[in-house]
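The exercises below are meant for someone who is meeting this structure for the first time. Please work through each task with the sequence and the model side by side before reading the solution.

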Amino acid sequence: MKEPARILVVGGGYVGMYTALRLQRKLKRELRQGAVQVIVVDPEPYMTYQPFLPEAAAGSISPRHVVVPLRRVLPDCKVVIGEATAIHHGKRTATVRTLATEEEGTGAIEIHYDELVLAPGSVSRTLPIPGLAEFGIGFKTVEEAIGLRNHVLEQLDIASSTRDPDVRDAALTFVFVGGGYAGVEALGELEDMARYAVRYYHNISPGDLKWILVEATDRILPEVGEEMGTYAVRELRGRNIDVRLETRIESCADRVAALSDGSRFPTRTLVWTAGVKPHPILASTDLPVNGRGRLACTAALQVEGAEHAWSAGDAAAVPDLTSDQPDAKCAPNAQHAVRQARVLAENVLAALNGRPLKDYAHKYVGSVASLGLHRGVAHVYGRKLKGYPAWFMHRAYHLSRVPTFNRKARVLSEWILSGLFKREIVSLGSLENPRAEFKLAADTGRHPEASSPHRRGAGNSPPTIGVSRMSVRSVTLDV
């Protein structure tokens, strides 16, 4: 019997999931007959719709509805939950480490393929700043978004119960580094949430909260244009948010944010959203990369000089055929990634069937960004919007883009319910370490409620993914 053609998709994000989804639709009969196999490898069993992370952090959307289960939307594909550690395209093999291989102790497995779609996405770009690794909080995954929400609510509990003014000030100071989409939208949504939550604290007022946005360039949200970026700065400053342009963070050691302008802010919260970099797996391949570590690709989304290898999205440097500049590359954003996935899937099919390939060309139509509830900026098709219309466009656009009708319906219903009822401000930080209390009871024989709230090493641990049981008990329940 003839061996089935194997298409290996590394990465289950925008490009990976949408490419596999289109291949599944186009090859439905071949997949069920076993003539073709589509294998998707990703460390997580879901695709995260990242534009909804700020709203998930603010409690407007359930975290379950921000992710799309890969096995549900790709029933005819083989989904492997694991991490690709190396790719040898010359041998057409990928080395993959899975949960099973770690349990068995047998080492990584090798997956052979005929066509490779390398779309691992990107990871947070960090700098060697003192204290960043110990105290910084990322904002790229749904786990980080929910952990940040729990952490912010925990700080309100700390500030409400402490008698130490220094501890109180540090708990109520929130520093965000990076003025792109992730930083501005996360700051806007969480500031809204915290300002609403303090109405249930008898000794904290909205004026006690200190929000600081640090951006190294001279403007924020460059994608929406200079005029809308300037408006966004005015809007944030009008909400008593300290926006510091042309400023860098030089240290956050000992929970003190030291800025390049000489300012120092004791803080228990430092959120790092200062850019991304290509996934490290790209350095473990025999495929060509450019000076920035991204795969050098043609306009047809083929890796240059490597037949049967394809890429798109954050991992790929794809020529922008609509730009007037000859060396321009497509921006690594979701708008391009979703459209590139469609062309990439069609080209993979064309290569399998010996048909000519199609070049990817899409003119960037603009951007929308949320600044919190009922506030936003937009620059789309040359039109500039701000305030409520831009915020509404932001929600409408992303609702239309989130995969599957199931997710669209659930997100829309949550938005409707959140408009009819009050915000939920419950912190469920104990979910991040659910066995902590049982282990304490088993090790010491003490009842968990008699234990110290600092039993989890709060003295030297980063103010990130974890809150004490005390903060969960003392938070206000809004029914």
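**Exercise 1. Follow the strands around one hairpin.**

Find the residue with a positive phi in the hairpin of β5 and β6, and then trace how β6 is paired and how far it is buried.

Solution. Begin between the two strands, where the hairpin has 4 residues and Arg92 takes a positive phi near 60°. The model is a predicted one, and the angle is therefore a computed value of that prediction.

Next, look at the strands themselves: β5, covering residues 78–88, pairs with β6 in the antiparallel sense over 6 bridges. In this pairing, Thr95 of β6 has Ala86 opposite.

Then turn to the other partner, strand β7 (residues 109–112), which runs antiparallel to β6 and is joined to it by 4 bridges. Thr95 appears here again, with Glu110 as its bridge partner in β7.

Finally, consider burial, for which the cut-off is a relative accessible area under 20%. Of the 6 residues of β6 (93–98), 5 are buried, so this strand is largely enclosed by the rest of the structure.

**Exercise 2. Lay out the parallel sheet and its helices.**

Determine the strand order of the open sheet of 5 strands, and find which strands stand at its edges.

Solution. The order reads β10-β17-β11-β12-β13, and the pairing is parallel. At the edges stand β10 (136–137) and β13 (241–244), and because each has a single partner strand, one side of each is left without a neighbour in the sheet.

Now examine one pair inside this order. Strand β11 (residues 173–177) runs parallel to strand β12 (residues 210–214), and 5 bridges join them. Among the bridge partners, Thr173 is matched with Lys210 of β12, and Phe174 with Trp211 of β12. The strand β12 has 4 of its 5 residues buried, so the rest of the structure largely encloses it.

Last, add the helices. Helix α9, which spans residues 181–197, packs on the sheet and touches β11, β12 and β13, its direction making about 175° with that of β12. Helix α10 (residues 226–238) lies across β12 and β13, and runs at about 140° to β13.

**Exercise 3. Describe two helix packings.**

For the pair α7 and α9, and then for the pair α1 and α11, give the angle, the distance between the axes and the residues that meet.

Solution. Helix α7 (residues 142–161) packs against α9 at an angle of about 35°, with the axes 11 Å apart, and the crossing is right-handed. On the α7 side the contact involves Leu148, Arg149, Val152, Leu153 and Leu156, which meet Leu190, Met193, Ala194 and Ala197 of α9. Sorted by class, the residues of this contact are 8 nonpolar, no polar and 1 charged.

For the second pair, helix α1 (residues 14–26) and helix α11 (residues 334–353) have axes 8 Å apart and pack at an angle of about 40°; this crossing, too, is right-handed. The residues in contact include Tyr14, Tyr18 and Arg22 of α1, as well as Ala337, Ala341 and Leu344 of α11. By class, this contact has 12 nonpolar, 1 polar and 4 charged residues.

**Exercise 4. Work through the antiparallel sheet.**

Establish the strand order in the open sheet of 3 strands, and identify the bridge partner of Ala378.

Solution. The order is β22-β23-β24, with antiparallel pairing. Here β22 (366–370) and β24 (383–386) are the edge strands, each with a single partner strand, so one side of each is left without a neighbour in the sheet. With direction ignored, neighbouring strands of this sheet are turned by 5° against each other on average. Strand β23 (residues 376–380) pairs with β24 over 4 bridges, and Leu385 in β24 is the bridge partner of Ala378.

**Exercise 5. Look inside the cores and at a buried loop residue.**

Which residues have the most contacts inside the largest nonpolar core, and is Ile425 buried or exposed?

Solution. The largest nonpolar core has 118 residues, and those with the most contacts inside it are Ile7, Leu8, Val38, Phe176, Trp211, Leu221 and Val377. Another core, of 14 residues, lies apart from it and has Leu259, Phe265, Trp272 and Ala274 among its members.

Ile425 is found in the loop between α13 (405–420) and α14 (436–444). Its relative accessible area is 1%, so Ile425 is buried. Although Ile425 and Val198 are 227 residues apart in sequence, their C-alpha atoms are 9.8 Å apart in space.

Definitions and conventions. Residues numbered from 1 in each chain as written. Predicted model: local features only at pLDDT ≥ 70, side-chain atom pairs only at ≥ 80, totals over all residues. Heavy atoms only, no water. Core = buried A, V, L, I, M, F, W, Y, C linked by side-chain atoms within 4.5 Å. Buried < 20%, exposed > 50% of the residue type's maximum accessible area, 1.4 Å probe, protein only. Axes fitted to C-alpha atoms, helices over the stretch in contact; angles between N-to-C directions. Left-handed = near helix turned anticlockwise from the far one by under 90°. Contact = heavy atoms within 4.5 Å. Nonpolar A, V, L, I, M, F, W, Y, C, P; charged D, E, K, R; others polar. Pairing = 2+ DSSP bridges.
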